[in-house]
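Work through the exercises below with the sequence and the model at hand. Each task is followed by a solution in steps.

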Amino acid sequence: MDGEVVEAFRNGMYKIQLDNGHETLGYTAGKMRRYRIKILLGDRVKVELSPYDLDRGRIVYRHR
């Protein structure tokens, strides 16, 4: 799903407002940490959500 970063927390966690109106807590994926891709407030991101827990997701892509 796509969304926008609303708030940034300390340990690589972000609050994301999804396009469907829900809010979720997202963390950066391993490849994004490996290549040191920075995420700022207001960035559009792609999030993978688990069908079991829709309150947490993994940020896998930052749109330019």
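**Exercise 1: Ala29**

Ala29 is buried, with a relative accessible area of 10%. The model is a predicted one.

Task: Explain why Ala29 is classed as buried, then state where Ala29 lies and which residues Ala29 touches.

Solution.
1. Buried means under 20% relative accessible area. Ala29 has 10%, so Ala29 is classed as buried.
2. Ala29 belongs to the loop between E3 and helix H1 (30-34).
3. Not counting residues up to four places away in sequence, Ala29 touches Arg58, Ile59 and Val60.
4. Gly57 is 28 residues from Ala29 along the chain, and the C-alpha atoms of the two are separated by 9.5 Å.

**Exercise 2: The barrel**

Task: Determine in what order the five strands close into a barrel, and how each neighbouring pair runs.

Solution.
1. The order is E1-E2-E3-E5-E4, with mixed pairing. On average, neighbouring strands of this sheet are turned by 55 degrees against each other, direction ignored.
2. Begin with E1 (residues 2-8) and E2 (residues 13-18): they run antiparallel and are joined by five bridges. Glu4 stands opposite Gln17 in E2.
3. E2 and E3 are also antiparallel, with five bridges. Here Tyr14 has Gly26 in E3 as its bridge partner. Four residues lie between the strands of this hairpin, in which Gly21 takes a positive phi near 100 degrees.
4. E3 and strand E5 (residues 56-62) run parallel, joined by four bridges. Thr28 is paired with Ile59 in E5.
5. E5 and E4 pair in the antiparallel sense over five bridges, and they form a hairpin with six residues between them.
6. The ring of strands is completed by E1 and E4, which run antiparallel with three bridges. Gly3 stands opposite Val45 in E4.

**Exercise 3: The two faces of E3**

Task: For strand E3 (residues 23-28), sort the side chains by the face to which they point, and say which are buried.

Solution.
1. The side chains alternate along E3.
2. Thr24, Gly26 and Thr28 point to one face and are buried.
3. Glu23, Leu25 and Tyr27 point to the other face and are not buried.
4. Two of the buried positions return from Exercise 2: Gly26 is the bridge partner of Tyr14, and Thr28 is that of Ile59.

**Exercise 4: The nonpolar core**

Task: List the residues of the largest nonpolar core, find which strand supplies the largest share, and give the contacts of Ile59.

Solution.
1. In soluble globular proteins, nonpolar side chains tend to be buried together.
2. The largest nonpolar core here has nine residues: Val5, Tyr14, Ile16, Leu18, Met32, Ile39, Val45, Val47 and Ile59.
3. E2 and strand E4 (44-49) each supply at least two residues of this core. The largest share, three residues, comes from E2.
4. Leaving aside neighbours within four places in sequence, Ile59 is in contact with several residues, including Tyr14, Ile16, Met32, Ile39, Val45 and Val47. The contacts of Ile59 also include Gly26, Thr28 and Ala29.

**Exercise 5: Lys46 and Tyr61**

Task: Describe how Lys46 and Tyr61 are related, and state how many aromatic pairs there are.

Solution.
1. Tyr61 in E5 is the bridge partner of Lys46.
2. The charged end of Lys46 sits over the ring of Tyr61, 6.0 Å from its centre.
3. Rings pair if their centres lie within 6.5 Å. By this rule the count of aromatic pairs is zero.

Terms used
Residues are numbered from 1 along each chain as its sequence is written. This is a predicted model: local features need pLDDT of at least 70, side-chain atom pairs count only at pLDDT 80 or more; totals for chains, interfaces and linings use all residues. Side-chain values use heavy atoms; hydrogens and water are left out. Two strands pair if DSSP finds at least two bridges between them. Axes are lines fitted to C-alpha atoms, for helices over the stretch in contact, and angles run from 0 to 180 degrees between N-to-C directions. A nonpolar core is a set of buried Ala, Val, Leu, Ile, Met, Phe, Trp, Tyr and Cys residues joined through side-chain atoms within 4.5 Å. Buried means under 20% relative accessible area, exposed over 50%, partly exposed in between (1.4 Å probe, protein chains only). Contact means heavy atoms within 4.5 Å. Rings of Phe, Tyr and Trp (its six-membered ring) pair if their centres lie within 6.5 Å; planes under 30 degrees apart count as stacked, over 60 as edge-to-face and the rest as tilted. A charge sits over a ring if NZ of Lys or CZ of Arg is within 6 Å of the ring centre and within 35 degrees of the ring normal.
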